[in-house]
Amino acid sequence: MTKARPDTPPDAGETLDPDDWDALRAQGHRMLDDMFDYIAGVRERPVWRPIPADVRARFREELPRAGGDLDEIYREFSDYIAPYAPGNIHPGFMGWVNGGGTAVGMLAEMLAAGLNANLGGRDHIPVEVERQIVLWMRQMFGFPDTASGIFVTGTSMANLMGILVARSARLGPSVRERGLPDRGGGLTAYTSVVTHGCVAQAMDLAGFGTDALRRIPVDRCHHIEIDALRAQVRADRAAGLAPFLVIGSAGTVDIGAIDDLAALHALCREENLWLHVDGAYGALGVLSPEIAPRLAGLESTDSIAFDFHKWGQVPYDAGFLLVRDGEQHRRTFAAPAAYLRRETRGLAAGSPWPCDYGPDMSRGFRALKTWFTLKAYGTEKLGEMIARTCALARYLETKIAAEPKLELLAPVQLNIVCFRYRATDADRVNAEIVASLHESGIAAPSATMLDGRLAIRAAIVNHRTGMRDIDVLVAAVLEFGARETEARTSGS
């Protein structure tokens with residue numbers, strides 16, 4: 001093939017565009033229709049399927065040297081990938097706090113991929129879409145117009161970034177050049193003993209080390225004990241340390257507890273501490289009139305980390321960090337460089353850019369699927385859906401209370417229910433029940449440890465989950481529990 005001269009367009013065969021757009025269009029329509037069918041027919045499939053050895057082996061193939069036929073590649077996807085997905089779009093998936101996604105979000109993701117926009121910066125409408133989400137989040141959480149926000153992969157990253165902003169606010173901009181050794185050794189942060197493990201990891205990654213994180217006791221409902229927190233802060237000050245940060249929780253990972261955020265805010269103002277909230281899924285409870293009062297004080301925090309891909313049902317991934325002091329946020333991350341020169345005209349205009357508010361310069365268009373979700377459903381509908389998942393948790397609680405073979409292991413506060421089957425050697429029995437549920441494809445709860453006891457943890461996040469799915473879960477737990485105890489009795 002004769003190569004095109006630099007001053008002429010390349011031939012079709014020299015690009016990655018198809019030779020036959022009509023054929024690709026037809027294939028694309030088949031793929032889209034199949035994915036609609038996949039979502040619409042989700043109840044007809046198991047929640048999860050174990051991956052057969054031969055299927056797993058297919059993904060140990062050598063790197064392809066030559067291109068393949070798209071139709072055949074799609075057949076591989078249909079036969080060997082789609083059937084073995086994690087299952088979180090299924091209404092029986094209750095194991096981890098994963099949203100179910102929506103068909104609307106899927107379409108938006110396709111559109112975003114077509115635009116292939118880099119949301120690191122520059123002057124184009126996708127950046128304005130993300131800025132609109134920032135505006136909406138200010139309104140949703142009652143933050144001032146000067147607040148800033150940015151999309152990230154998820155709350156683990158948002159928590160790390162929130163800690164970095166708090167670090168910069170305490171030590172000043174010079175920490176970015178000089179680091180922590182000269183002044184950071186005595187800085188201490190505070191959170192509850194039930195906070196997600198990503199907070200300790202973030203303290204490590206931020207250079208403080210996990211020993212600088214004080215883990216404060218909680219009450220029986222897993223709320224941080226304010227008096228214990230205050231006593232620890234004052235004891236650390238008396239010891240010559242420098243308290244600077246409190247990380248509260250809005251929806252803890254085990255049972256969905258919400259700290260007394262108003263009391264945390266009052267303490268932080270009294271002690272001059274930055275208040276960051278890990279609201280991975282619970283923060284979006286502000287959309288529900290039923291749940292919002294329990295989040296009082298969230299509007300006064302310094303920063304909030306949360307995910308749209310949990311209770312917001314946006315397809316993965318769509319995490320977010322909201323910071324009250326937008327200028328402090330920008331000073332924490334902005335890194336001027338000649339190749340990122342800002343102009344007042346042209347594509348290089350539009351400063352400040354999103355990359356000034358986080359570590360990523362290459363960023364996908366996460367804002368579009370979030371924008372579509374909020375526009376298509378509205379905050380009222382989303383709030384109703386969030387409240388319904390909590391109502392389903394209360395329904396499960398009543399089912400457990402009515403069944404002598406089951407016991408509740410923690411108060412039901414939002415949408416997470418921790419319970420187990422009563423048995424001798426209950427930890428092992430309930431671990432087997434969870435594994436059997438997964439392998440049966442009936443339901444997919446997870447397991448956690450509460451006060452040294454293994455619990456079956458049902459996190460009801462998926463908007464597709466209904467009372468029938470709760471009934472199926474309970475019936476299956478009873479069935480597998482009876483089977484497991486009988487096997488152990490006969491085996492002994």
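The legends below describe close-up views of a predicted model.

**View A. The open sheet of four strands.** In this predicted model, four strands come together in an open sheet, arranged in the order β8-β9-β11-β10 and paired in the antiparallel sense. The edges of the sheet are taken by β8 (406-408) and β10 (446-450), each of which has a single partner strand, so one side of each is left without a neighbour in the sheet. On average, and with direction ignored, neighbouring strands of this sheet are turned by 45° against each other.

**View B. The pairing of β10 with β11, and the helix on the sheet.** Strand β10 pairs with strand β11 (residues 453-459) over five bridges, in the antiparallel sense. One place to follow this pairing is Ser446, whose bridge partner in β11 is Arg457. Helix α12 (residues 366-401) packs on the sheet, where it touches β8, β9 (416-421) and β11, and the direction of this helix makes about 20° with that of β9.

**View C. A nonpolar patch on the surface.** Trp21, Leu24, Leu70 and Ile73 form a nonpolar patch on the surface, and together these residues have about 360 Å² of accessible area. The elements that give two or more residues to the nonpolar patch are the helices α1 (21-40) and α3 (70-81). Leu24, which lies in helix α1, has a relative accessibility of 31% and therefore counts as partly exposed.

**View D. The loop between β6 and β7.** The loop that runs between β6 (303-307) and β7 (319-323) contains Asp317, and a cis peptide bond with omega of about -5° joins Tyr316 to this residue. Gln313 is also found in the loop between β6 and β7. The phi of Gln313 is near 65°, which is a positive value in a residue other than glycine, and with a relative accessible area of 2% Gln313 is buried.

**View E. A cis peptide bond before a proline.** Ser351 and Pro352 are joined by a cis peptide bond, for which omega is about 0°. Pro352 has its place in the loop between α11 (326-333) and α12, the helix that also packs on the sheet of View B.

**View F. A positive phi at Asp425.** Although Asp425 is not a glycine, this residue has a positive phi of about 55°. Asp425 is placed in the loop between β9 and α13 (426-440), and at 40% relative accessibility Asp425 counts as partly exposed.

Definitions and conventions. Residues are numbered from 1 along each chain as its sequence is written. This is a predicted model: local features need pLDDT of at least 70, side-chain atom pairs count only at pLDDT 80 or more; totals for chains, interfaces and linings use all residues. Side-chain values use heavy atoms; hydrogens and water are left out. Two strands pair if DSSP finds at least two bridges between them. Axes are lines fitted to C-alpha atoms, for helices over the stretch in contact, and angles run from 0 to 180 degrees between N-to-C directions. Contact means heavy atoms within 4.5 Å. Patches are made of residues with over 30% relative accessible area and no salt bridge: like charges are joined within 9 Å, nonpolar side chains (Val, Leu, Ile, Met, Phe, Trp, Tyr) within 5 Å. Accessible areas come from the Shrake-Rupley method with a 1.4 Å probe; for residues, only the protein chains shown count as cover. A salt bridge is a side-chain nitrogen of Lys or Arg within 4 Å of a carboxyl oxygen of Asp or Glu. Buried means under 20% relative accessible area, exposed over 50%, partly exposed in between (1.4 Å probe, protein chains only).
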